[in-house]
Amino acid sequence: PMEVPSLRAERFFHLEHAPVGGRARLCESDARHATRVLRLREGEELVGGDGRGNAWPLRVVASGRAGLDLEVAGPV
């Protein structure tokens, strides 16, 4: 049987700065897009970059009016 490719697109966002203590924050415009348009929720994964060529897999820990709480989900 033919394997069906995943329909889930990789989500890439810009970070305020490199993750600190295993936590990360998106820049304001990307945070707004992630919460209001994409409506990312707890457990969903995305990729965050620091604008210097580094990228981290991230997982949403919590989502609310204040934005997203993200944790690093793997190596850079």
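1. A word on terms before we start: contact here means heavy atoms within 4.5 Å. With that in hand, residues 24 or more positions apart account for 40% of the contacts in the protein with a separation of 6 or more. Please keep in mind throughout that this is a predicted model.

2. Here is the overall layout. The protein has 1 helix and 5 strands, and from the N terminus on these elements run β-β-α-β-β-β. Of the 76 residues, 28% are buried. The exposed surface comes to about 5500 Å², with carbon and sulfur atoms supplying 51% of it.

3. Now to the sheet, which is open and holds 5 strands in the order E1-E3-E4-E5-E2, with mixed pairing. Its edges are formed by E1 and by strand E2 (23-24), each of which pairs on one side only. Helix H1 packs on this sheet and touches E1, E4 and E5; the direction of H1 makes about 140 degrees with that of E1.

4. Strand E3 deserves a closer look. Spanning residues 45-49, E3 is mostly covered, with 4 of its 5 residues buried. How does E3 pair with strand E1 (residues 12-14), in the parallel or the antiparallel sense? The pairing is parallel, over 3 bridges, and within it phenylalanine 12 stands opposite valine 47 of E3.

5. On to the pairing of E3 with strand E4 (residues 55-64). These two strands run antiparallel and are joined by 5 bridges, with leucine 46 opposite leucine 58 in E4. The hairpin of E3 and E4 has 5 residues between the strands. If you check backbone angles there, look at glycine 51, which takes a positive phi near 80 degrees.

6. The E2 edge is also worth a visit. E2 and E5 run antiparallel and are joined by 2 bridges. Alanine 24 stands opposite leucine 70 in E5.

7. Next comes the interior. The largest nonpolar core has 13 residues, and those with the most contacts inside it are Leu26, Leu40, Leu46, Leu58, Leu68 and Leu70. Helix H1 (28-37), E4 and strand E5 (67-72) each supply at least two residues of this core. Which element gives the most to it? That is E4, with 3 residues.

8. Leucine 26 makes a good starting point for browsing the core, being among the residues with the most contacts inside it. Leaving aside neighbours within four places in sequence, leucine 26 is in contact with Phe13, His14, Leu15 and Glu16, with Ala31 and Ala34, and with Leu46, Leu68 and Leu70.

9. My last stop is alanine 34, which lies in helix H1. Why does alanine 34 count as buried? Its relative accessibility is 0%, and buried means under 20%, so alanine 34 falls within the buried class. Not counting residues up to four places away in sequence, alanine 34 touches Phe13, Leu26, Arg39, Leu40 and Leu68. One of these partners, Leu68, is 34 residues away along the chain, yet the C-alpha atoms of alanine 34 and leucine 68 are separated by 8.2 Å.

Key. Residues numbered from 1 in each chain as written. Predicted model: local features only at pLDDT ≥ 70, side-chain atom pairs only at ≥ 80, totals over all residues. Heavy atoms only, no water. Buried < 20%, exposed > 50% of the residue type's maximum accessible area, 1.4 Å probe, protein only. Pairing = 2+ DSSP bridges. Areas by Shrake-Rupley, 256 points an atom, 1.4 Å probe, with all protein chains shown as cover. Core = buried A, V, L, I, M, F, W, Y, C linked by side-chain atoms within 4.5 Å. Axes fitted to C-alpha atoms, helices over the stretch in contact; angles between N-to-C directions.
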